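Dear colleague,

Please find below the structure that I am handing over to you. My findings follow directly after it.

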Amino acid sequence: MAQEIHEYFKKELVDFKILVRVAPESLEGLELIVSKEGQMQKTKRKFDEEIFEDLAEDEFEKCSPLEFNLYLKGLA
């Protein structure tokens with residue numbers, strides 16, 4: 001099975017930041033919720049076909065894979 005190229009999104013709120021990684025073909029993903037204090041919650045997700053419309057409606061913006069992975073590894 002070939003590897004998918006993920007798409008990355010983020011939304012910054014007052015007390016935390018949400019980062020989302022989506023595999024556009026399988027619609028599998030990972031959501032990170034990072035508090036201002038640096039605590040992180042990771043959740044594996046299976047999205048539906050409307051995920052990209054939902055992210056746009058919820059005012060998520062695209063972010064870089066580097067930013068997502070820095071948070072994932074606890075380096076940000």
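In the hairpin formed by β2 and β3, leucine 27 adopts a positive phi near 60°. The two strands of this hairpin have 5 residues between them. Please bear in mind throughout that this is a predicted model.

Strand β2, residues 16–22, pairs with strand β3, residues 28–35, through 7 bridges, and the two run antiparallel. Within this pairing, valine 22 is found opposite glycine 29 of β3. On its other pairing, β2 is joined to strand β1 (residues 7–12) by 6 bridges, again in an antiparallel arrangement. β1 and β2 also make a hairpin, with 3 residues between the strands. Two positions in β1 deserve mention here: tyrosine 8 stands opposite arginine 21 of β2, and phenylalanine 9 has valine 20 as its bridge partner in β2. As for solvent exposure, β2 is mostly covered, since 5 of its 7 residues are buried.

These pairings belong to an open sheet of 5 strands, ordered β4-β3-β2-β1-β5, with antiparallel pairing. The edges are occupied by β4 (40–46) and β5 (61–62); each has a single partner strand, so one side of each is left without a neighbour in the sheet. Helix α2 lies across β1, β2, β3 and β4, and runs at about 115° to β2.

The aromatic contacts connect the sheet with the helices. A search of the whole structure returned 2 aromatic pairs. One of them consists of tyrosine 8 and phenylalanine 68, a tilted pair with 5.3 Å centre to centre and 55° between the planes. Tyrosine 8 belongs to strand β1 and phenylalanine 68 to helix α2 (residues 65–72), so this pair ties together parts that are 60 residues apart in sequence. Are the two residues buried or exposed? Tyrosine 8 has a relative accessible area of 11% and is therefore buried, the cut-off for that class being under 20%. Phenylalanine 68 is likewise buried, at 0%.

Phenylalanine 9 and phenylalanine 52 form an aromatic pair that is also tilted, with 6.0 Å centre to centre and 55° between the planes. Because phenylalanine 9 lies in strand β1 and phenylalanine 52 in helix α1 (residues 51–57), the pair ties together parts that are 43 residues apart in sequence. Phenylalanine 9 counts as buried, with 7% relative accessibility. Phenylalanine 52 is partly exposed, its relative accessible area being 27%.

Polar side chains also link the sheet to α2. Which residues does glutamate 67 touch, apart from those up to four places away in sequence? They are Lys10, Lys17 and Leu19. Glutamate 67 is part of helix α2, and its relative accessibility of 18% places it among the buried residues. Its side chain is joined to that of lysine 10 by a polar contact of 3.2 Å.

Lysine 17, which lies in strand β2, is buried as well, with a relative accessible area of 12%. Its side chain makes a polar contact of 3.0 Å with the side chain of tyrosine 71. When neighbours within four places in sequence are left aside, lysine 17 is in contact with Lys11, Glu12, Leu32, Ile33, Val34, Glu67 and Tyr71.

Finally, some values for the chain as a whole. Its secondary structure comprises 2 helices and 5 strands, and the elements follow one another from the N terminus as β-β-β-β-α-β-α. The radius of gyration is 12 Å, close to the 11 Å that the globule rule gives for 76 residues, so the chain is as compact as a globular protein of that length. The C-alpha trace spans about 35 × 30 × 20 Å along its principal axes. Of the 76 residues, 36% are buried. Among the contacts with a separation of 6 or more, 39% come from residues 24 or more positions apart.

Yours sincerely

Key:
Residues numbered from 1 in each chain as written. Predicted model: local features only at pLDDT ≥ 70, side-chain atom pairs only at ≥ 80, totals over all residues. Heavy atoms only, no water. Buried < 20%, exposed > 50% of the residue type's maximum accessible area, 1.4 Å probe, protein only. Helix = DSSP H or I, 4+ residues; strand = E, 2+ residues; numbered from the N terminus. Pairing = 2+ DSSP bridges. Phe/Tyr/Trp six-rings, centres within 6.5 Å; stacked < 30°, edge-to-face > 60°. Polar contact = N/O pair within 3.5 Å; in protein donor to acceptor, adjacent residues only side chain to side chain. Contact = heavy atoms within 4.5 Å. Axes fitted to C-alpha atoms, helices over the stretch in contact; angles between N-to-C directions. Rg over C-alpha atoms; globule rule 2.2 N^0.38 Å.
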